[in-house]
Amino acid sequence: DPSASDCTFTSEYAWCVPAYVVIIPKITGAISLICSAYLAKLMISEEKKKPYHRLLLNISIADVLSSSVVHIIGSWMMPAGTAPLSRGNLDTCDAQGFVVQIILITIPYLNASLSTYYNLIIRYNWSDSQIAKVEKNLHIIPWLLGVLFSIIVLVAKQIVPGTWGCWFGNTQYPPDCDSVETCVRGWNSSYYFWPIFVIILLGPLYVAGSMYLVYS
């Protein structure tokens, strides 16, 4: 582990995090935000009416949310004294972590929805009119899953400061706490982390399986 002298920031309750670790994501996040917003604009301005374009619009909206809340805002919402540029408190940390958890589940499952679309169109020769009958589920289910598990981790007080933002992770806050009395957030985090990690992982696995069916 780096010593305090190696860091541009140290705190009693913080990991040793150099400033560039939280600054670089703000720059890359801004680039991602511009690109995602531009794609969303294309999907709206050109009045695309097909399910494919509406699915891309939904993914772009989620990406805009991710770029802004996770990367650009980043450490600003973390409790003051837990990272470089941190200016928030536990309430702002909870708010950011709630959104981050929604994104962590919603984006993989929105991609799963897009892969389902490919499968239905290419492998099963569905028409857009047939897709339209199930399209609402492809949009809504990923967001419902994200919101559901975000509520769970928020109520269970499992949202903790991370490297450059607050999220739900397999850790505790303060990092050196050792009981339910001393841990403000994240006590028994492993009971929540691994089941939700599996839920998140199922999204990319579904995409991989779906794409295999498309090309098989």
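Reader: Let's kick off with Asp94: is this residue buried or exposed, and what is its relative accessible area?
Author: This is a predicted model, so local features need pLDDT of at least 70 and side-chain atom pairs count only at pLDDT 80 or more, while totals for chains, interfaces and linings use all residues. Residues are numbered from 1 along each chain as its sequence is written, and side-chain values use heavy atoms, with hydrogens and water left out. Buried means under 20% relative accessible area, exposed over 50% and partly exposed in between, using a 1.4 Å probe and protein chains only. Asp94 therefore counts as buried, its relative accessible area being 13%.

Reader: Which residue forms a salt bridge with Asp94?
Author: Side chains of opposite charge can pair when their charged atoms come close. The test for a salt bridge is a side-chain nitrogen of Lys or Arg within 4 Å of a carboxyl oxygen of Asp or Glu. Here the closest N and O atoms are 2.9 Å apart, and the partner of Asp94 is Arg185.

Reader: How many residues apart in the chain are Arg185 and Asp94?
Author: Arg185 is buried too, with a relative accessible area of 10%. Helices (H or I, at least four residues) and strands (E, at least two) are DSSP runs numbered from the N terminus. Arg185 forms its salt bridge with Asp94 from the loop between strand E2 (166-168) and helix H5 (189-215), whereas Asp94 is in helix H3 (residues 90-123). So the pair links distant parts of the chain, with a separation of 91 residues.

Reader: How many salt bridges does the structure hold?
Author: Besides Arg185 with Asp94, Arg54 pairs with Glu135, the closest N and O atoms being 2.6 Å apart. That gives a structure with salt bridges numbering two.

Reader: Why does the Arg54 and Glu135 pair tie together separate parts, and how far apart in sequence are they?
Author: Arg54 forms a salt bridge with Glu135. Arg54 sits in helix H2 (residues 51-73) and Glu135 in helix H4 (residues 128-155), so the parts tied together are apart in sequence by 81 residues.

Reader: And what is the relative accessibility of Glu135?
Author: Arg54 is partly exposed, with a relative accessible area of 30%. Glu135, on the other hand, counts as buried, at a relative accessibility of 7%.

Reader: How do H2 and H4 run relative to each other, and what is the handedness of their crossing?
Author: Axes are lines fitted to C-alpha atoms, for helices over the stretch in contact, and angles run from 0 to 180 degrees between N-to-C directions. The H2 and H4 axes come within 9 Å and cross at roughly 15 degrees. Angles under 35 degrees count as roughly parallel, over 145 as roughly antiparallel, 65 to 115 as roughly perpendicular and the rest as oblique, so H2 and H4 are roughly parallel. A crossing is left-handed if the near helix is turned anticlockwise from the far one by less than a right angle and right-handed if clockwise, and this crossing is right-handed.

Reader: How do the residues where H2 meets H4 divide into nonpolar, polar and charged?
Author: Contact means heavy atoms within 4.5 Å, and the H2 residues involved include Arg54 and Leu55, with Glu135 and Trp143 among those in H4. Ala, Val, Leu, Ile, Met, Phe, Trp, Tyr, Cys and Pro count as nonpolar, Asp, Glu, Lys and Arg as charged, and the others, Gly among them, as polar. The split is seven nonpolar, two polar and three charged.
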